Amino acid sequence: MKYAVDLHIHSAASPCADKDMTPNNIVNMALVKGLDAIAVTDHNTGANLKAVALCAKKAGLVFIPGIEVETSEEVHVVCLLPDLDRALELHTIVQNALPDIMNRTDIFGSQLIIDENDMTIGQEQRMLLTATNLSIDDISAVVRRLGGAVIPAHVDRTSYSIISNLGFIPQELGFRYLEISRSCDKYGYRASHPELDRYRLIQSSDAHYLGDILERCSMLELEGLNADAIVTYLA
Ligand SMILES: [Zn+2]
Ligand SMILES: [Zn+2]
């Protein structure tokens, strides 16, 4: 059966995301848009994943916990985990790989930690919009060990993508899926990039605002609708 997904959404923990990207707002907007499953993937943190997981469970929406990690090569990769425990394990690993640079909220924006009632309970103190010291090889190995899937993010963009920064996709990393942006013409991109024929493409919103969350346009053909099945399918 085909299910509608959006597997790259930012919460207010990402400094560039709108403050309205709270756990309940994200889940409710996903339901309004008619989605079957979503993933929240903040920059280098899983601080809001537990709250979103609780809201999604209450609302009956399938939720995949994730993190958009910036590798040491300044490549963004969407890391999706089959459950919250493993996502929080990845969160700890990524946090330990962040440089000790404090966030400047006046310049970069706030990095809000929010509970399941949409109450702000703290802030990520260190700057999240920066490269970790994990290489793309490192992060791929870590996420696979945790049973997750790694998807190179927004490969059609000219910055922070694996193609823009490395110039190619190392085959030994074993990616199956590449993410293209919300605004990218999937068929046009496919036609103009025959060198990427071996990869499947998935379109995600990379939403930083509620209105940018996808409608029913990014479909996955799945046997069952749960986080484990989706992550296994993408890995
Ligand atoms: Zn990104
Ligand atoms: Zn993103």
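**Touring a predicted model**

Student: What radius of gyration does the protein have, and what would a compact globule have?

Tutor: This is a predicted model, where local features need pLDDT of at least 70, side-chain atom pairs count only at pLDDT 80 or more, and totals for chains, interfaces and linings use all residues. Residues are numbered from 1 along each chain as its sequence is written, while chains are lettered from A and ligands numbered from 1 in the order in which they are written. The radius is taken over C-alpha atoms, and the globule rule is 2.2 Å times the number of residues to the power 0.38. With 235 residues, that puts a compact globule near 18 Å, and the protein agrees, at 16 Å.

Student: How many helices and strands are there?

Tutor: Helices (H or I, at least four residues) and strands (E, at least two) are DSSP runs, numbered from the N terminus. On that basis, the protein has eight helices and ten strands.

Student: Which residues of α5 are buried, and on what side do they sit?

Tutor: Buried means 20 or more other C-beta atoms within 10 Å of a residue's own; 12 or fewer is exposed, in between is partly exposed, and C-beta atoms are placed from the backbone. In α5, residues 136-145, the buried ones are Ile136, Ile139, Ser140 and Val143. Their arc (from the directions from the helix axis to the C-beta atoms) is only 100°, so they lie on the same side of α5.

Student: What covers those buried residues of α5?

Tutor: Contact here means that the C-beta atoms of two residues, placed from the backbone, lie within 7 Å. The cover includes β3 (62-70), β4 (76-80), α3 (84-96) and β7 (149-152).

Student: Which residue in β7 is the bridge partner of valine 77?

Tutor: Two strands pair if DSSP finds at least two bridges between them. β4 and β7 pair in the antiparallel sense, over four bridges. Both faces of β7 are covered, with Ala149 and Ile151 buried on one side and Val150 and Pro152 on the other. Valine 77's partner is proline 152.

Student: Is glycine 34 buried or exposed?

Tutor: Glycine 34 lies in the loop between α1 (23-32) and β2 (37-43). Leaving out residues up to four places away in sequence, glycine 34 touches Ala4, Glu215 and Arg216. Because glycine 34 has 10 C-beta neighbours inside 10 Å, it counts as exposed.

Student: What distance separates the C-alpha atoms of glycine 34 and cysteine 217?

Tutor: Along the chain, glycine 34 and cysteine 217 are 183 residues apart. In space, their C-alpha atoms are separated by 10.0 Å.
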